[in-house]
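Student: I should like to learn how to read a protein model step by step. Could we begin with the overall layout and then turn to particular residues?

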Amino acid sequence: MSLRKTKDPCQVCFLHKNFCICSEIPKLNLKSKLSLVVHYKELKRTSNTGRLAVTALTNSQMLVRGHDLSQLLLSDYETLFLYPSEDSVLLTPSYVSQFQKPIHLIVPDGNWRQAGKVHVRHKELADVPRVRVSPVKPATHFLRKEHVEGGMATLEAIA
């Protein structure tokens, strides 16, 4: 199985160097923390938008799925897991306002099948509350074509 790769990619955004957007990526220093848990097959894909979020957010990190994720459970943060499961809560300003600590958002990155396995295979995340976002309105511009109705790119969900 071949991964979608580009020849001679930028080592940050992974787009072809002629299409590199690194100079356009803002640097945002937020109290909130982002941890992107990436499926290894996503690491070299040019369509991986989660990488752009990690590049933009200074208080973020990217981990490859399969390692112990208990290091993500930080006492200084209110940890939430972004995944639209049946038991997830809609992530709204009023929901977030109940917390005294900054938010640490754990986001699985991969296709739906890959992302759906993170909270099942990583038992250390079993007690982390699941949250979801709702699409604002039908977008006229897409980062990429989605294969699931209501689906969005990782960067869109994080934003």
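Student: What pattern does the chain follow when read along the sequence?

Tutor: Please note that this is a predicted model. One begins by listing helices and strands in sequence order. Here the pattern is β-α-β-β-β-α-β-α-α-β-α, which comprises 5 helices and 6 strands.

Student: In what order do the strands lie in the sheet?

Tutor: The order within a sheet is to be read separately from the order along the sequence. In this model the 6 strands form an open sheet with parallel pairing, arranged as β2-β1-β5-β3-β6-β4. Its edge strands, β2 and β4 (89–90), each pair on one side only.

Student: How many bridges join β3 and β5?

Tutor: Strand β3, residues 78–82, pairs with strand β5, residues 103–109, over 4 bridges in the parallel sense. Within this pairing, Leu-80 has Leu-105 of β5 as its bridge partner.

Student: Where does Asn-59 lie, and which residues does Asn-59 touch?

Tutor: For a single residue, one looks at its place in the chain and then at its neighbours. Asn-59 belongs to the loop between α1 (50–56) and β2 (60–64). Leaving aside residues up to four places away in sequence, Asn-59 touches Leu-30, Lys-31, Ser-32, Lys-33, Leu-34 and Tyr-77. With Ser-32, a polar atom of the Asn-59 side chain lies 3.3 Å from the backbone oxygen.

Student: What share of the residues is buried?

Tutor: Of the 159 residues in the chain, 40% are buried. The accessible surface comes to about 10100 Å², and carbon and sulfur atoms account for 54% of that surface.

Key
Residues are numbered from 1 along each chain as its sequence is written. This is a predicted model: local features need pLDDT of at least 70, side-chain atom pairs count only at pLDDT 80 or more; totals for chains, interfaces and linings use all residues. Side-chain values use heavy atoms; hydrogens and water are left out. Helices (H or I, at least four residues) and strands (E, at least two) are DSSP runs, numbered from the N terminus. Buried means under 20% relative accessible area, exposed over 50%, partly exposed in between (1.4 Å probe, protein chains only). Accessible areas come from the Shrake-Rupley method with a 1.4 Å probe; for residues, only the protein chains shown count as cover. A polar contact is a pair of N or O atoms within 3.5 Å; within protein, one must be able to donate a hydrogen and the other to accept it, and residues adjacent in sequence count only if both atoms are side-chain atoms. Contact means heavy atoms within 4.5 Å. Two strands pair if DSSP finds at least two bridges between them.
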